[in-house]
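Below are my notes on the structure you sent. They are numbered so that you can reply point by point.

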Amino acid sequence: MTVELDTGWNLRSVMASRGIFQTSKLKPLLEERGIDLSREQVYRLVTQPPQRVRLDVLAALCDALECSLDDLVTITRREDSTPVAVGEEATRGGDR
């Protein structure tokens, strides 16, 4: 059995639900909480799912937007239960 985790980055929709529709409005909210990101970094944070985010940035986003981490990040777990034929071994990454 293989487990796959799909993540969703919901910052844009959380912002919209709080009436914030421009990325430029987020920068001062983060600065008030001690987070100094460039205009470009804030734009990328809103428009592209990040590969990694500092914990202090996540905490500032949650505080500024009055939301929880569960609101910002969704994780969906999928299990692949493809049966393995008798006598065959399950291998990672295909045949060797």
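1. Which residue forms a salt bridge with Asp 6, and how far apart are the closest N and O atoms? The partner is Arg 78, and the closest N and O atoms are 3.2 Å apart. Please keep in mind throughout that this is a predicted model. Arg 78 belongs to strand E2 (residues 73-80) and Asp 6 to strand E1 (residues 2-9), so this salt bridge ties together parts that lie 72 residues apart in sequence. Neither end is described as buried: Arg 78 is partly exposed at 41% relative accessible area, and Asp 6 is partly exposed at 33%.

2. The Arg 78 and Asp 6 pair should be read together with Glu 4. Glu 4, Asp 6 and Arg 78 are linked in a network of salt bridges. In general, side chains of opposite charge can pair when their charged atoms come close. The structure holds nine salt bridges, and two others are taken up in the next point.

3. Arg 77 and Glu 79 meet through their side chains in a salt bridge, with an N to O distance of 2.3 Å. Arg 77 counts as exposed, at 51% relative accessibility; the cut-off for exposed is over 50%. Glu 79, with a relative accessible area of 45%, is partly exposed. Another salt bridge joins the side chains of Arg 54 and Asp 56, at 2.9 Å from N to O. Both of these residues are partly exposed, Asp 56 at 39% relative accessibility and Arg 54 at 46%.

4. What does Ile 75 touch, leaving aside its neighbours within four places in sequence? Its contacts are Leu 5, Asp 6 and Thr 7. Ile 75 lies in strand E2, and Asp 6 is in strand E1. Ile 75 is a further case of an exposed residue, with a relative accessible area of 58%. The C-alpha atoms of Ile 75 and Trp 9 are 9.2 Å apart in space, while the two residues are 66 apart in sequence.

5. On the cysteines: how many disulfides does the structure hold? The count is zero. The sulfur of Cys 62 has its closest cysteine sulfur in Cys 67, at 4.4 Å, and this is too far for a bond. The cut-off for a disulfide is 2.5 Å between the sulfur atoms. Both cysteines are buried, Cys 62 at 14% relative accessibility and Cys 67 with a relative accessible area of 13%. I would ask that any text accompanying the model does not describe this pair as a disulfide.

6. Cys 67 also comes up in connection with Arg 18. Arg 18 is found in the loop between helix H1 (11-17) and helix H2 (26-31). Leaving aside neighbours within four places in sequence, Arg 18 is in contact with Leu 65, Glu 66 and Cys 67. The C-alpha atoms of Arg 18 and Cys 67 are separated by 9.8 Å, with their positions 49 residues apart along the chain. Arg 18 is partly exposed, with a relative accessible area of 38%.

7. Which residues of helix H4 (residues 55-64) are buried? They are Val 57, Leu 58, Ala 60, Leu 61, Cys 62 and Ala 64. An α-helix has 3.6 residues a turn, so residues three or four places apart point the same way. The cover over the buried residues of H4 includes E1, H1, H2, H3 and helix H5 (69-72). After H4 comes Glu 66, whose phi is positive, near 50°.

8. The last point concerns the largest pocket. About 320 Å³ of space lies in it. Its lining is made up of Leu 37, Gln 41, Arg 44, Leu 45, Gln 48, Pro 49, Pro 50, Arg 52, Val 53, Arg 54 and Val 57. Helix H3 (residues 39-47) gives the largest share of this lining, three residues. By type, the lining divides into six nonpolar, two polar and three charged residues. Two of the lining residues were met above: Arg 54, which forms the salt bridge with Asp 56, and Val 57, one of the buried residues of H4.

How values were computed: Residues numbered from 1 in each chain as written. Predicted model: local features only at pLDDT ≥ 70, side-chain atom pairs only at ≥ 80, totals over all residues. Heavy atoms only, no water. Salt bridge = Lys/Arg side-chain N within 4 Å of Asp/Glu carboxyl O. Helix = DSSP H or I, 4+ residues; strand = E, 2+ residues; numbered from the N terminus. Buried < 20%, exposed > 50% of the residue type's maximum accessible area, 1.4 Å probe, protein only. Contact = heavy atoms within 4.5 Å. 1 Å grid on protein atoms, 1.4 Å probe; cavity = no way out; pocket = protein on both sides within 12 Å on 5 of 7 lines; lining within 4 Å. Points joined across faces, edges and corners; volume = space filled by probe spheres on them. Nonpolar A, V, L, I, M, F, W, Y, C, P; charged D, E, K, R; others polar.
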